[in-house]
Amino acid sequence: MSASGAVWRNWGRSEQVRPVRVERPATADAVQRAVQSAARAGLRVKPVGAGHSFTGIAVAPDVQLDLGALTGVVDDREAAEGRLTIGAGTRLHALPKLLEPYGLALANMGDIDRQTIAGATSTGTHGTGLGFGGLATQIVGARLVTGAGELIRVAPDERPELLPAVRLGLGALGVLVDVTLQLVPQYLLHAVERPEPLEDVLDAWADRVQGADHFEFYWHPHTDSALTKTNTRLPADAERRPLGRVSRWIDDELVANGVFRVACNLARPIPQVAPLIARQAERLSSNREFIDWSPAVFVTNRTVRFREMEYAIPLAEVPGALREVRQLIERRGWRISFPVEVRAAASDENWLSTAYARETGYIAVHRFFREDPAEYFAAVEQIMLARGGRPHWGKMHTRDAEYLRAAYPRFDDFLAVRDELDPTGVFENPYLERVLGPRVRVGTNGG
């Protein structure tokens, strides 16, 4: 099914485009036909998921592929080994119900579940925990349509050399049709969330991330405390002690979304109130403990729109980097209403993973979507670059191919795979041209 393109906007309202047309393929064959038709017409193709990237990675100037019909469990023949094949357009929030009949779960998750599985893995979405990589590390196989419209399979027994590129492919290698995930038995998480002095948390950073299954914290600028979140994995048959429905609604919806939205809208015309808002948020920070199924603990519902930049830096650099961010905000006199998020992840082998070949700490800064983030993000970016930072592919940054080639040892190996699977640049767009470098395309209109 195809239609003329209406204006598409991403969730953070940082990108928009009016594609020439929108295609909604419901099968792998339909994806092939869409790519072949676009290539013949000299048009470029970009699949779109939930639009939760803040960069232009999913912007489709020509043909936008909506993969919303490619969902659900596609193949469960290896379920006994913990492997299921999932349609590329499946939303992360739909996975718990899909996996429950098999007694399986994702090994780790981020704190947002609105994305599609293909979009999340292709941009390097991650959670926290030094024993766990990003979502893409859970992929053990995939099927994708190349720039020539060919459907190929990549798996341990079929072109395995491509897996480190295809798992986290930026949408540059082809259109993912489905992915095979290595899952784990369902598990509970014992969550402990409490405010602690920021300096104590930074001083103990190494011990905290090494001593917990999953550790992260949030720091509200203009305050002296951090909201820490420590999650410990428990077997599925452990006693479940979930939050009460009312208390969870008060903390996660009324305060974290409703009150916070009002506060952000107030701070935009009156920036001077941002420190007051931050101190109120500090006082209202949850101090709670509960045990629940992993998705109910990992995921936080976020309805206040924002824009985000996140950098991956060597794990040991996190305390110094955050202290420098704090000094920067104080020195510039900025009024920042959104918290800074700090996480960690294991080293992995995916060529364009922000955690490639090193244990990694993540520092993410945010601004309310109605505020201009440019000055704040640019200054924080310089702090991260001085520490060998790698930007999250789906979050705002200013880096180009020259910088990224130096940051990623296998950058040129990825480009070689890109040139093999998409030799004519069918899947390129302005963002990919910036981060992977421009090239002369053959057989496209270059528009």
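# Notebook: a walk through a predicted model

**Entry 1, Thr125.** I started with Thr125, whose place is in the loop between α3 (117-123) and β10. I kept in mind that this is a predicted model. Is Thr125 buried or exposed? I found a relative accessibility of 11%, so Thr125 counts as buried, the cut-off being under 20%. Next I looked up its neighbours, leaving aside residues up to four places away in sequence. Thr125 touches Gln115, Ala120, Gly134, Leu135 and His392.

**Entry 2, the whole chain.** I stepped back for an overview. The chain has 447 residues, and 59% of them count as buried. Its secondary structure comes to 14 helices and 21 strands. I also checked the contacts with a separation of 6 or more: residues 24 or more positions apart account for 73% of them.

**Entry 3, the sheet of five strands.** I went looking for sheets and noted an open one with five strands, in the order β7-β8-β12-β10-β11, with antiparallel pairing. Which strands are at its edges? They are β7 (73-75) and β11 (151-154), each of which pairs on one side only. From one strand to the next, the twist averages 25 degrees.

I then followed one pair in this sheet. Strand β10 (residues 139-145) pairs with β11 over four bridges, in the antiparallel sense. As a landmark I picked Leu144, whose bridge partner in β11 is Ile152. Helix α1 (residues 28-40) packs on the sheet and touches β10, β11 and β12 (175-182). I noted that the direction of α1 makes about 50 degrees with that of β10.

**Entry 4, Gly87.** I stayed with this part of the chain and looked at Gly87, which lies in strand β8 (residues 83-87). Its relative accessibility is 1%, so Gly87 counts as buried. How far apart are Gly87 and Leu176 in sequence and in space? They are 89 residues apart in sequence, and their C-alpha atoms are 8.7 Å apart in space. Leaving out residues up to four places away in sequence, Gly87 touches Leu70, Thr71, Gly72, Val74, Ile117, Val177 and Asp178.

**Entry 5, the sheet of eight strands.** I found another open sheet, this one of eight strands, in the order β17-β14-β16-β15-β19-β20-β18-β21. Its pairing is antiparallel. At the edges are β17 (288-293) and β21 (390-391), and each pairs on one side only. I wrote myself a reminder that strands of a sheet pair through backbone hydrogen bonds, either parallel or antiparallel.

Helix α11 (residues 374-385) packs on this sheet, touching β18 (306-314), β19 and β20. The direction of α11 makes about 10 degrees with that of β18.

**Entry 6, strand β15.** I picked β15 (residues 214-219) for a closer look. Why is β15 largely enclosed by the rest of the structure? Six of its six residues are buried, so the strand is largely enclosed. I checked both faces, and both are covered. On one side His214, Glu216 and Tyr218 are buried, and on the other Phe215, Phe217 and Trp219 are buried.

Then I traced its partners. Six bridges join β15 to the antiparallel strand β16 (residues 225-235). In β16, Asn231 is the bridge partner of His214. The two strands form a hairpin with five residues between them. I noticed His222 in the turn, which has a positive phi of about 80 degrees.

β15 is also joined to β19 (residues 340-345), by three bridges, and the two run antiparallel. Here Phe217 stands opposite Val342 in β19. I followed Val342 one strand further: its bridge partner in β20 is Ile363. β19 and β20 (residues 360-368) run antiparallel and are joined by five bridges.

**Entry 7, cavities.** Last, I looked for enclosed spaces. How many cavities of 30 Å³ or more does the structure hold? I counted four. The largest has a volume of about 90 Å³. I listed its lining, which has 16 residues, and those nearest its centre are Gly124, Gly134, Leu168, Asp348 and Ser353. By class, the lining has six nonpolar, nine polar and one charged residues. Gly134 was already in my notes, as one of the residues that Thr125 touches.

Notes
Residues numbered from 1 in each chain as written. Predicted model: local features only at pLDDT ≥ 70, side-chain atom pairs only at ≥ 80, totals over all residues. Heavy atoms only, no water. Buried < 20%, exposed > 50% of the residue type's maximum accessible area, 1.4 Å probe, protein only. Pairing = 2+ DSSP bridges. Axes fitted to C-alpha atoms, helices over the stretch in contact; angles between N-to-C directions. Contact = heavy atoms within 4.5 Å. 1 Å grid on protein atoms, 1.4 Å probe; cavity = no way out; pocket = protein on both sides within 12 Å on 5 of 7 lines; lining within 4 Å. Points joined across faces, edges and corners; volume = space filled by probe spheres on them. Nonpolar A, V, L, I, M, F, W, Y, C, P; charged D, E, K, R; others polar.
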